[in-house]
Amino acid sequence: MGLYVEARIRAGIDEVWDRSQLPDRHQRWDLRFSEIDYLPCEPGEPQRFRYATRVLPLLTVDGTGVSAGERNRPDGTRTSALRFASAHPLSLIEEGRGYWRYVPDGAELRFLTGYDYRPRWGRFGRFADRLVFRPLMGWATAWSFDRLRLWCERGITPERSLRHAFAELFVRIAAVVATAALAPVAPVAPAALLAATVPAVAAAALLLPPLPATPAARRCLRRPPERAAGRGGSAAAPTALLATLEQS
């Protein structure tokens with residue numbers, strides 16, 4: 001099953017296009033990548049690129065890809081399709097393909113992506129992907145899209161929003177730890193109340209929505225609107241652009 005993420009951004013299409021298509025800007029907000037670099041290509045050819053993800057301080061997993069984009073379509077939308085693959089033995093993703101789409105909608109822009117990939121490592125890789133990796137990739141994509149939204153709408157740079165996220169996470173964890181540490185020494189509260197306090201604080205720390213300046217995956221749509229409304233529909237990739245990439 002492919003992944004789908006959509007964010008609604010109150011910004012111009014040119015601004016969102018540049019911040020998602022230019023490597024030095026894209027790598028700033030997308031949690032999935034540490035580095036994105038264009039590779040040399042001839043004029044008129046689809047753009048080739050290299051991407052890398054820092055898994056550990058001294059371990060980086062990389063891969064390559066090729067993309068093609070349509071800037072000006074009659075309906076005002078823009079689309080970018082891509083293929084990607086990694087030969088790194090520690091990359092769970094062997095190869096895949098996907099698309100970005102930019103759809104003006106009044107004062108907002110629907111910025112969405114759909115992609116899928118084939119995992120390596122045989123049966124173990126498929127199990128690990130379904131259980132852990134694919135949900136993590138979906139969350140990271142949605143979190144990153146909201147991070148881009150904050151940059152475009154409110155001028156909160158990706159670096160600053162990451163600091164906000166770490167600070168809020170620290171406060172939530174500290175609240176749970178402090179409650180657990182203080183509950184046993186509380187002088188007057190009934191034991192039953194004390195026993196319920198820590199789970200209640202933990203639930204609040206987990207379920208309360210993030211602050212407005214903190215990125216949140218939950219603010220993004222994770223299914224195509226047609227499916228969410230029960231009308232069927234598909235998140236199919238743009239076939240003409242993908243056909244161009246298959247021939248490159």
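The paragraphs below go through a predicted model, from its overall make-up to single residues and their contacts.

The protein has 248 residues, of which 40% count as buried. Its secondary structure comes to seven helices and seven strands. Along the sequence these elements follow the pattern β-α-α-β-β-β-β-β-β-α-α-α-α-α. Among contacts with a separation of 6 or more, 57% are between residues 24 or more positions apart. The accessible surface comes to about 13900 Å², and carbon and sulfur atoms hold 62% of that area.

Confidence varies along the chain. The mean pLDDT is 86, with 84% of the residues at 70 or more. Of the elements, strand 1 (residues 3-9) has the highest mean pLDDT, 97, while helix 7 (residues 239-246) has the lowest, 62. Over residues 231-236 the pLDDT stays under 50, and for this stretch the model has 13 contacts beyond four places in sequence.

Strand 1 is a convenient place to begin with single residues. Val5 lies in this strand. With a relative accessible area of 1%, Val5 is buried, because the cut-off for that class is under 20%. Leaving out residues up to four places away in sequence, Val5 touches Phe111, Leu112, Thr113, Gly138, Thr141, Ala142, Phe145, Cys220, Leu221 and Arg222. One of these contacts can also be given as a backbone distance: the C-alpha atoms of Val5 and Thr113 are separated by 5.5 Å, although the two residues are 108 residues apart along the chain.

Thr141 also appears among the contacts of Arg32. Arg32 is found in the loop between helix 2 (23-29) and strand 2 (35-38). Is Arg32 buried or exposed? Its relative accessibility is 11%, so Arg32 counts as buried. The side chain of Arg32 makes a polar contact with the side chain of Thr141, at 3.3 Å. Apart from neighbours within four places in sequence, Arg32 is in contact with Thr53, Trp100, Tyr115, Met137, Ala140, Thr141 and Ser144.

The next topic is charge pairing. Side chains of opposite charge can pair when their charged atoms come close. A search of the whole structure finds 20 salt bridges. One of them joins Arg8 and Asp105, whose closest N and O atoms are 2.3 Å apart. Arg8 lies in strand 1 and Asp105 in strand 6 (residues 93-105), so this pair ties together parts that are 97 residues apart in sequence. Arg8 counts as partly exposed because its relative accessibility is 35%, and Asp105 counts as partly exposed at 36%. The two residues also belong to a network of salt bridges that links Glu6, Arg8, Asp105, Glu108 and Arg110.

Other salt bridges are found within a single helix. Glu15 and Arg19 meet through their side chains at 3.2 Å, N to O. Both lie in helix 1 (residues 13-21), four residues apart, which is about one turn of the helix. Glu15 is partly exposed, with a relative accessible area of 29%, whereas Arg19 is buried at 16%. In helix 4, Glu168 and Arg172 are likewise four residues apart, about one turn of the helix. The closest N and O atoms of this salt bridge are 2.6 Å apart. Glu168 counts as buried at 11% relative accessibility, and Arg172 counts as buried at 17%.

Helix 4 also contributes to the nonpolar surface. Phe166 lies in this helix, which spans residues 158-182. Which residues form a nonpolar patch on the surface with Phe166? They are Leu169, Ile173 and Val177, and the patch has about 400 Å² of accessible area together. Phe166 counts as exposed because its relative accessibility is 55%, and the cut-off for that class is over 50%.

A last residue to examine is Trp121. It sits in the loop between strand 7 (108-119) and helix 3 (122-154). Its phi is near 75°, a positive value in a residue other than glycine. At 39% relative accessibility, Trp121 counts as partly exposed.

Note on methods
Residues are numbered from 1 along each chain as its sequence is written. This is a predicted model: local features need pLDDT of at least 70, side-chain atom pairs count only at pLDDT 80 or more; totals for chains, interfaces and linings use all residues. Side-chain values use heavy atoms; hydrogens and water are left out. pLDDT is the predictor's confidence in each residue, from 0 to 100. Helices (H or I, at least four residues) and strands (E, at least two) are DSSP runs, numbered from the N terminus. Contact means heavy atoms within 4.5 Å. Buried means under 20% relative accessible area, exposed over 50%, partly exposed in between (1.4 Å probe, protein chains only). Patches are made of residues with over 30% relative accessible area and no salt bridge: like charges are joined within 9 Å, nonpolar side chains (Val, Leu, Ile, Met, Phe, Trp, Tyr) within 5 Å. Accessible areas come from the Shrake-Rupley method with a 1.4 Å probe; for residues, only the protein chains shown count as cover. A salt bridge is a side-chain nitrogen of Lys or Arg within 4 Å of a carboxyl oxygen of Asp or Glu. A polar contact is a pair of N or O atoms within 3.5 Å; within protein, one must be able to donate a hydrogen and the other to accept it, and residues adjacent in sequence count only if both atoms are side-chain atoms.
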